Amino acid sequence: MREKSRSGTSGGLVVAVTALVVAGAATVVAAGVSVLAAVMARRIVTPSDARADDTDVLGVDLEASTITLAVTPDSVLPGDYSFWFERESGHAQLGEILRVTKTAVTRRIARIDYGDLSEARRGRLGGYSYLGPWDLGLPFEQVQVHTEVGEAPAWLVAAERPDGRWVIQVHGRGVRRQETLRAVPVFHDRGYSCLLVSYRNDGDAPGSDDGRYGLGDTEWHDIDAAIGFAAARGATSIVLMGWSMGGAIVLQTATRTAYPHLLSGIVLDSPVIDWADVVAFQGSTLRLPGLVATGAMQVLGRRWGGRLTGQASPIDFRRLDFVTRADDLEFPVLLMHSDDDGYVPSSPSRALAVRRPDIVTFLPFTVARHTKLWNYDREGWNAAIGTWLGELESPAEPAEPDDPLHPAG
């Protein structure tokens, strides 16, 4: 009996110690997940001016106008791209691909805007093609849009014969209004005045008091102010166009604006339709446990989370989910997204197109990456917008019901 008693006591001790170890490990894991969630949440809403060089330069031949880069998903994309090098001390335009091996790609150098490309060792590719409206060869104005956070600079490229049709173009997260210059020619050719805006915390416009992104939940106020600016300058029909997070901002503007009677349509390029998918995708890209992304959303969406992220107000992610809110959209939408985006998954865009085929025209890409659809297929991209604008301006007449005495066909 004593032996049995001692054995039982020993076994109970082992179970108790094991339970403590497991509980301790679980506590450590939970604490680690919480810390990572807080870090991820803060990173999502904190603006950053510096973008890292991520592509090695293997060789430059200025006489032949060629550059050889290490193979990356972006460096092997067909099309024309910007190339910032040596921490943005220089900028060049790269064109056609001349040779590709398993490790290197040689491209044509279209032009060097500034900097010594021959000495470059690293850089990064981007979708910009123009550094300012002066590159377009069109007259433009530097204007200021009065917003609740201050005067936000914008570029205005007026139509040659203004007739009240405007487009307001909204750039994405971590970039500036130069991103939207690509769309000016196709809209200008169709007689639209183009307003290329800045918004709070983007590096051009004044910052908000908290200095944090609202992922569209706050920035839309600045775009609504831009609509008011356009109305004061004669706009009577306005298209909103947004890239990436700019798409989320545009969708918030379209459903919360004080000027719904002025809006006529929406164009979206690689847009954020549902932030939950984006955060989950970014978490998986960083090889973080799924609980980290879920936790980051909780931090961003709760008032107490502001103590960790610096936000003045929580973000309402349900209000930012336009798959769920598809029925709230009232205007025609041209939606363009690539399945290999690499930053913002295309699945919510596809889901929105399925939910609202009555108003959404969806143009899918398979090889174009994030916000580089114009670069990959300039003619196709321009043609899609031009055709959509034509349909917007001249909507099809509703079909006449069949005459039961004289059926069609």
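**View 1. Helix 3 (residues 220-232) packs against helix 4 (245-256) at an angle of about 60°, with the axes 9 Å apart.** The model is predicted: local features need pLDDT of at least 70, side-chain atom pairs count only at pLDDT 80 or more, and totals for chains, interfaces and linings use all residues. Residues are numbered from 1 along each chain as its sequence is written, and side-chain values use heavy atoms, with hydrogens and water left out. Helices (H or I, at least four residues) and strands (E, at least two) are DSSP runs, numbered from the N terminus. Axes are lines fitted to C-alpha atoms, for helices over the stretch in contact; angles run from 0 to 180 degrees between N-to-C directions. The crossing of helix 3 and helix 4 is right-handed (near helix turned clockwise from the far one by less than a right angle; anticlockwise would be left-handed). Helix 3 contributes Trp 220, Ile 223, Asp 224 and Ile 227 to the contact, and helix 4 contributes Ile 249, Gln 252, Thr 253 and Arg 256 (contact: heavy atoms within 4.5 Å). By class, this contact has four nonpolar, two polar and two charged residues (nonpolar: Ala, Val, Leu, Ile, Met, Phe, Trp, Tyr, Cys and Pro; charged: Asp, Glu, Lys and Arg; polar: the others, Gly among them).

**View 2. Helix 3 is largely enclosed by the rest of the structure, because 10 of its 13 residues are buried.** Buried means under 20% relative accessible area, exposed over 50%, partly exposed in between (1.4 Å probe, protein chains only). Among the buried residues of helix 3 are Trp 220, Ile 223, Ile 227 and Phe 229. Their cover includes strand 7 (141-147), strand 9 (165-170), strand 10 (193-197), strand 11, helix 4 and strand 12 (263-269). From first C-alpha to last, helix 3 reaches 19 Å, close to the 18 Å expected at 1.5 Å a residue (expected span: 1.5 Å times one less than the number of residues). Gly 234 follows helix 3, with a positive phi near 105°.

**View 3. Eight strands form an open, mixed sheet in the order 7-8-10-9-11-12-13-14.** Strand 7 and strand 14 (360-365) stand at the edges, each with a single partner strand, so one side of each has no neighbour in the sheet. Neighbouring strands are turned by 20° against each other on average, direction ignored. Strand 9 and strand 11 run parallel, joined by six bridges (strands pair if DSSP finds at least two bridges between them). Gln 169 stands opposite Met 241 in strand 11. Helix 3 packs on the sheet, and its direction makes about 120° with that of strand 7. Helix 4 also packs on the sheet, touching strand 9, strand 11 and strand 12; its direction makes about 145° with that of strand 11.

**View 4. Ser 244 and Glu 86 are two loop residues with positive phi.** Ser 244 lies between strand 11 (237-243) and helix 4. Its phi is near 55°. Ser 244 is buried, with a relative accessible area of 9%. Glu 86 lies between strand 3 (81-85) and strand 4 (90-100). The phi of Glu 86 is near 50°. Glu 86 is partly exposed, with a relative accessible area of 31%.

**View 5. Helix 10 (residues 378-393) spans 22 Å between its end C-alpha atoms, in agreement with the 22 Å expected for 16 residues at 1.5 Å a residue.** Its buried residues are Trp 381, Ala 384, Ile 385, Gly 386, Trp 388 and Leu 389. Their cover includes helix 2 (184-189), strand 11, strand 12, strand 13 (333-338), strand 14 and helix 9 (373-376).
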